[in-house]
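Morning, everyone. Let me put today's structure on the screen, and then we will walk through its rings and its nonpolar packing.

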Amino acid sequence: MKLAVWTYEGPPHVGAMRVATGMRDLHMVLHAPQGDTYADLLFTMIERRDHRPPVSYTTFQARDLGADTAGLFMTAARDAHARFKPQALLVAASCTAELIQDDPGGLAETMGLPVPVIPLELPSYQRKENFGADEAFLQLCRTLARPMARTERVTCNVIGPTALGFRHRDDAQEITALLSEMGIEVNVCAPMGATPADIARMGAAHFNVLLYPETAESAARWLEREHGQPFTKTIPIGANATRAFIEEVRTLSGSTLPVDESRLRQPWWAASVDSTYLTGKRVFLFGDGTHVMAAAKVARDEMGFEVCGMGCYNREQARPMRALAKEFGLTALITDDYLEVERAIEEAAPEMILGTQMERHIGKRLGIPCAVISAPVHVQDFPARYSPQMGFEGANVLFDTWVHPLVMGLEEHLLVMFREDFEFHDAAGPSHHGGKAQPLPQEVPAAEADHAMPTPAVPATEDNVIWLTCAEKELKKIPFFVRGKARRNTEKFAFEKGLQEISVDTLYEAKAHYAR
């Protein structure tokens, strides 16, 4: 555990809260100090849920540490059962409460509550949020799922969606509709939307559809081993993967019903004339393993991008991530240090980033456009509209989401092209703010500027060179989504040549050098 300004994953009890919050008629009692109640805000403020998470806190204070904190937990558990009357209780300790070793699970078992009590062992100082979600769902299945006869018709369970997941709500809806089109009914969708009673009847399904390995792979493997339910391995993100998913489901279910692809627009739009300027754009991907590995294949095989870097923050996905990166001729970056990710992105100099909310901030600092493809995300990535990442509609959403930053870059470039126009030069002010067009300031001709006293746009330091005003002006004519790369290449070229100043000639010499 370490102190950081940003973190990709919270402690494991936050993952368990994601499972509890996504479910109904389940309550969680968390042994935690007052300060750990901040987690409520993740669901009410960021995910915009209209109700608090079903979590009760013991909220012990410093003065309680010399007294009976175990008694506080038992009181909180009794009160939670009496007030909320859940079908089952989850009990766990936060990272802070783990230090006092009160053993909430053992305490709860001695209380004789009339509902199943499911203790969670969450090693806060070794594991993180996704592990907490995966472990919580596994223990729910182990405790509640019962062997039973299969349904008469072929059915499946959809497993993995949780609260606070990236587009989990819409993905579950999209895949449920796709399965229905194939004639397969969903027996249970869990954890999101399920009750403990629903978990108990998961054994009636013929197979499981695993959407997110980070949150449900352990449960999928346990159900396969104990209940004889195979599970799907293909994550249906992108047109190609969705078709492969359909074929995998056909194999498991025997379904032969056709699937309508008429609403799938992504392949044609990606290949159409107005999208060809996207071909070959260099992209860097970072996020959770599932979304990055799926997005890398979509970027290369369906959008025509060149993947110049990829990685994930969850070490549980390190092995498959490294294997896929090797196929791409890359070395995977496995880290939860956002500063290391920033250095890797800066070194790769991509034209676009596909990442998390943190990579969005990194992109802003480096001047590189970014589209979000993975948690952690902020409030803008929990849209009110229907916006899945999976299935055929998800493929359409991916195209729109990924192309938008580059299209905005093209618009920016057009504005730069018309920078000399009396309406669009910098001094004119934004027209939508009521700015009035002002005459274009008189500038020194480029031919004279090369011989004039330099006006550095970047302060000269020991490791830097000076940009002449004319060169800075010429640099602005380069589209902004590759301008940062052009600047870095030119500075590197000048430094290697021992030049103290960068002129227009230097800029074009560097361009010719790196174009070879």
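I will take the aromatic pairs, then the charges over rings, then the cores. Keep in mind that this is a predicted model.

Aromatics to begin with. The structure holds three aromatic pairs. Take Tyr-8 and Phe-286. Their ring centres are 5.4 Å apart, with 55° between the planes, and that makes the pair tilted. Where do the two partners lie? Tyr-8 is in the segment before helix 1, which covers 12-22, while Phe-286 belongs to strand 8, residues 282-287. In sequence they are 278 residues apart, so the pair ties together distant parts of the chain.

Buried or exposed, Tyr-8? Buried: its relative accessibility is 4%, and the cut-off for buried is under 20%. Phe-286 is buried too, at 0%. There is also a cluster here. Ring pairs join Tyr-8 and Phe-286 with Tyr-313.

Next pair: Trp-269 and Phe-399. This one is edge-to-face, with 5.9 Å from centre to centre and 85° between the planes. Trp-269 sits in helix 10, residues 266-271. Phe-399 sits in helix 15, residues 391-417. The two are 130 residues apart in sequence, so this pair also ties separate parts together. Look at the burial of each partner. Trp-269 is partly exposed, at 42% relative accessibility. Phe-399 is buried, at 6%.

Now charges over rings. Which residue lies over the face of Phe-231? That is Lys-233, at 4.0 Å from the ring centre. For Phe-328 the partner is Arg-300, which lies over the ring face at 4.1 Å from the centre.

On to the nonpolar cores. The largest has 55 residues. Which members touch the most others? Leu-179, Val-209, Leu-285, Phe-305, Met-310 and Trp-402. And where is this core placed? Domain 2 (145-253) and domain 3 (266-403) both contribute residues, so the core lies between them.

Zoom in on Leu-179. Set aside its neighbours within four places in sequence. Its contacts are then Cys-156, Val-158, Ile-184, Val-186, Val-209, Phe-245 and Val-249. Val-209, you will recall, is another of the residues that touch the most members of the largest core.

Apart from that core lies another one, of 49 residues. Its members include Met-28, Tyr-57, Leu-210 and Val-377.

To recap: three aromatic pairs, a Tyr-8, Phe-286 and Tyr-313 cluster, and a 55-residue core between domain 2 and domain 3. Over to you for questions.

Methods. Residues numbered from 1 in each chain as written. Predicted model: local features only at pLDDT ≥ 70, side-chain atom pairs only at ≥ 80, totals over all residues. Heavy atoms only, no water. Phe/Tyr/Trp six-rings, centres within 6.5 Å; stacked < 30°, edge-to-face > 60°. Helix = DSSP H or I, 4+ residues; strand = E, 2+ residues; numbered from the N terminus. Buried < 20%, exposed > 50% of the residue type's maximum accessible area, 1.4 Å probe, protein only. Lys NZ or Arg CZ within 6 Å of the ring centre and 35° of its normal. Core = buried A, V, L, I, M, F, W, Y, C linked by side-chain atoms within 4.5 Å. Domains from an automatic or database assignment. Contact = heavy atoms within 4.5 Å.
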